[in-house]
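The following exercises ask you to read helix packing, charge pairs and burial from a structure, and each is followed by a worked solution. Look over the structure before you begin.

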Amino acid sequence: MTIHRVLTPAGWPRGRGYSHGIEAQGSLVFVAGQVGWDKSQRFPETLLEQLRNALANTLAVLAEAGAGPEHVVRMTWYLCDKREYLTQLQEIGLVYRELMGRSYPAMAVVEVKGLVEDGARIEIETTAVVPRD
């Protein structure tokens, strides 16, 4: 009996050394860090465009488990430039609410020296809890 299921949205390449997400027994959903690239693994130039893609990628993985923004209980955002983030907080809030609604999970935002994928400006790691039937 399996106690988890790997979540890979249709049309996405398989993760290299990671899963895009795991649905665990007990209805916990763990989403690997999602960067701001598109389905062709290309990065747009701006932080806002990358944020939009990273959140959309997160939601695509959550949908594989029957989860949505309302099920997200924790997010960690890793950013390469804190100043860029802080100067765009209002716009970031608009993009967040457009995709995530008024769901506000426990969050941490961390500035890092760099991310593994060249060109990435943001990476978001997420945990969700889906109610049992």
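**Exercise 1.** Determine how the axes of helix α1 and helix α3 are arranged.

Solution. Start with the two axes, which are lines fitted to C-alpha atoms over the stretch in contact, with angles running from 0 to 180 degrees between N-to-C directions: those of α1 (residues 47–64) and α3 (residues 89–100) come within 10 Å and cross at roughly 20 degrees. Because angles under 35 degrees count as roughly parallel, over 145 as roughly antiparallel, 65 to 115 as roughly perpendicular and the rest as oblique, α1 is roughly parallel to α3.

The model is predicted, so local features need pLDDT of at least 70 and side-chain atom pairs count only at pLDDT 80 or more, whereas totals for chains, interfaces and linings use all residues. Residues are numbered from 1 along each chain as its sequence is written, and side-chain values use heavy atoms, with hydrogens and water left out.

**Exercise 2.** Place these helices in the order of elements along the chain.

Solution. Helices (H or I, at least four residues) and strands (E, at least two) are DSSP runs, numbered from the N terminus. The chain contains three helices and six strands, and reading along the sequence gives the pattern β-β-β-α-β-α-α-β-β.

**Exercise 3.** Find the salt bridge that E98 forms, and state how exposed its two residues are.

Solution. A salt bridge is a side-chain nitrogen of Lys or Arg within 4 Å of a carboxyl oxygen of Asp or Glu, and a search of the whole structure finds three. In one of them, the side chains of E98 and R52 meet at 2.8 Å, N to O. This pair links distant parts of the chain, since E98 lies in helix α3 and R52 in helix α1, 46 residues apart. For exposure, buried means under 20% relative accessible area, exposed over 50%, and partly exposed in between (1.4 Å probe, protein chains only). E98, at 53%, therefore counts as exposed, while R52, at 31%, is partly exposed.

**Exercise 4.** Decide whether L55 and E84 are buried or exposed.

Solution. L55 belongs to helix α1, and its relative accessibility is 0%, so L55 counts as buried. E84 is also buried, because its relative accessible area is 15%, and its side chain meets that of R121 in a salt bridge (2.5 Å, N to O). R121, by contrast, counts as partly exposed at 29% relative accessibility. For the chain as a whole, buried residues make up 41% of the 133 residues.
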